[in-house]
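Here is a short briefing on one protein model. Please keep the sequence and the 3D view open while reading.

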Amino acid sequence: MALDHTELTVGIIISATFWTFLHLVFTPALSRAVLPEYYDKMVSDAQTGDVKAQVKLADWNTRLPGFVHAVIAGLCSMYCCYFDEVMIADKVHNTSKSWLVTCSVAAGFFAWDLCACVYHHNVFGVPFILHAAFCLATYLICGFIQEAPMAWHAASFLMFELSTPILHIRWAVIEFKLGDTAVTVCTYLFALCFFLVRIIWGNFHAIPLVVYVLLDRPKELPIWQAGAFWILLSITFSLNGYW
């Protein structure tokens, strides 16, 4: 069952709008309510032209969307991969309503993420721009393609995001100087989580499964789509190792 393109388009637009609102409206409002002196000083310093302050402010305002997306996308992708019987029954051809929600969340997020990374290129750099661009391409292809969307595999890649929440928690512990013990614990937890999710699950499980499908390419899978997936796999594998 292919996804309804109208429903998916609307879902992506709603998702992108939500992440933009979280970035530009909710995060500043929440920051001023919870940490008024800290946030107002950061804004004031940035407005003076202080480059370091501008970088810090841009980084601060984009962390909440990243954290929230990682939690939502991680839970949605786990459901698709382990509990959605339709998706599990045919990992190459089948889609479902849960995949519609998951793909909308992911594609909308990476559309916002790409815009944020390009606009704040001095903060995030080329690797994050590439990550956002190729992730967006992946979920657009796997959402809109009709014959062989490989939705289960795309959901399994989204589980990489499960390593992100602890990254943001570790950053907050360091930023607010919550103690060496807390930093050490968060560092080890992040290293373990990243290794299990992106290296073991990603490089040694999820990626090889897609390689196997591509090597034995189903007739419904067009050459251009297979080629795109080969490129996406290479970029993902390289970024997982680089990070």
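Helix α1 covers residues 5-34 of this predicted model. The helix has 30 residues and reaches 41 Å from its first C-alpha to its last. That is close to the 44 Å expected at 1.5 Å a residue. The path of α1 is bent by about 40° at Leu-22.

**Helix α1: start and buried residues**

- At the start of α1, Asp-4 places a side-chain oxygen within 3.0 Å of the backbone nitrogen of Thr-6.
- Buried residues of α1 include Leu-8, Gly-11, Ile-12, Ser-15 and Ala-16.
- Further along, Trp-19, Leu-22, His-23, Thr-27, Pro-28 and Ser-31 are buried in α1 as well.
- An α-helix has 3.6 residues a turn, so residues three or four places apart point the same way.
- Which helices help to cover the buried residues of α1? Among them are α2 (36-47), α3 (51-82), α5 (97-119) and α6 (121-144).
- Leu-22 thus appears twice here: α1 bends at Leu-22, and Leu-22 is buried.

**Thr-27**

- Thr-27 sits in helix α1.
- Is Thr-27 buried or exposed? Its relative accessible area is 4%, under the 20% cut-off, so Thr-27 counts as buried.
- The Thr-27 side chain reaches the backbone oxygen of Leu-22 at 2.6 Å.
- Leaving out residues up to four places away in sequence, Thr-27 touches Leu-22, Trp-60, Asn-61, Leu-64 and Pro-65.
- Leu-22 is therefore on both lists for Thr-27: the side chain of Thr-27 reaches its backbone oxygen, and Leu-22 is among the residues that Thr-27 touches, by the 4.5 Å heavy-atom cut-off.

**Overall fold**

- The protein has 10 helices and zero strands.
- Along the sequence, the pattern reads α-α-α-α-α-α-α-α-α-α.
- The C-alpha atoms fill a box of roughly 60 × 40 × 30 Å along the principal axes.
- What radius of gyration does the protein have? The value is 19 Å, which agrees with the figure near 18 Å for a compact globule of 243 residues.

**Burial, contacts and surface**

- Of the 243 residues in the protein, 47% are buried.
- Among contacts with a separation of 6 or more, 73% join residues 24 or more positions apart.
- The protein exposes about 12,300 Å².
- Carbon and sulfur atoms supply 71% of that exposed area.

Definitions and conventions
Residues numbered from 1 in each chain as written. Predicted model: local features only at pLDDT ≥ 70, side-chain atom pairs only at ≥ 80, totals over all residues. Heavy atoms only, no water. Helix = DSSP H or I, 4+ residues; strand = E, 2+ residues; numbered from the N terminus. Expected span 1.5 Å × (residues − 1). Bend = angle between axes of the 7 residues up to and from the residue. Buried < 20%, exposed > 50% of the residue type's maximum accessible area, 1.4 Å probe, protein only. Polar contact = N/O pair within 3.5 Å; in protein donor to acceptor, adjacent residues only side chain to side chain. Rg over C-alpha atoms; globule rule 2.2 N^0.38 Å. Areas by Shrake-Rupley, 256 points an atom, 1.4 Å probe, with all protein chains shown as cover.
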